[in-house]
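Reader: Please take a close look at one part of this protein. I would like the sheet, strand by strand.

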Amino acid sequence: MQSSKRNNPCPVCGRTKDSDCRWDNDVIFCHCGSSFAPPSHLKIGDIIRLDGKDWALVKTNSGHTGLCHVFKPHRHIEKTYTPTPRQKQQGQDREQYLFKESVKAVEEYIKLANAALEVINYEYCNLKQIKESKALINRAFDEGKELREVLVGVRRFNKNIEEFIELFDEKYRPIKYQKKASDEFCWNHLGEIDE
Ligand SMILES: [Zn+2]
């Protein structure tokens, strides 16, 4: 531990006349004397910056002289996020809203999927019908992919969505097969059709 002396001033008060201030990398004891003293405005918890490093005043009237300000390196403690009751309420409202909307979306999706799954035998369709049917399957496939991600997100805060995910998957699974089949059919019989 260093002490203040000629050619080695205290980093806080600049004391050089005696060895009343002492310090190392982890603590500074700065003596409150009559000619040299730490800044008088400092209160416990205040931070001072010395040579690019922040130090917090943690104690007064302490140390080897009984009259030292004690400084310790200031650690930036990350504040853990605690929402206010209002934010909490808003969060809950939002979750509730997302849950309801997701349930609605599943119901809508089932209608779309049912329409897309009404199997049209492509062999007997004209090109226009095939295009329409293919567009519907593609839509059900794309929307299903998106909706599933949303549902998985909702599951993180509301497990009740689980049963709707099951309902959803019952429809989404055949849509995936249907899409594959329709792509293959079109590829084999028509080449790629413009959508
Ligand atoms: Zn000092």
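Author: Start in the middle of the sheet. Strand β3 (residues 28-31) is joined to β6 by four bridges, and the two run antiparallel. Phe-29 has Val-70 of β6 as its bridge partner.

A word on the basis. This is a predicted model, in which local features need pLDDT of at least 70, side-chain atom pairs count only at pLDDT 80 or more, and totals for chains, interfaces and linings use all residues. Residue numbers start from 1 along each chain as its sequence is written.

Two terms need their cut-offs. Strands (E, at least two residues) and helices (H or I, at least four residues) are DSSP runs, numbered from the N terminus. Two strands count as paired if DSSP finds at least two bridges between them.

Now β6 and β5. Strand β5 (residues 53-62) and strand β6 (residues 68-73) run antiparallel and are joined by five bridges. Ser-62 has Cys-68 in β6 as its bridge partner. Leu-57 stands opposite Phe-71 in β6. β5 and β6 form a hairpin, with five residues between them. Gly-63 lies in that turn and has a positive phi of about 80°.

Step back to the whole sheet. It is open and has six strands, in the order β1-β2-β3-β6-β5-β4, with antiparallel pairing. Its edge strands are β1 (2-3) and β4 (47-50), each of which pairs on one side only.

Last, the chain as a whole. It is divided into domain 1 (2-73) and domain 2 (85-190), with bounds from an automatic or database domain assignment. The centres of domain 1 and domain 2, taken over C-alpha atoms, are 68 Å apart.
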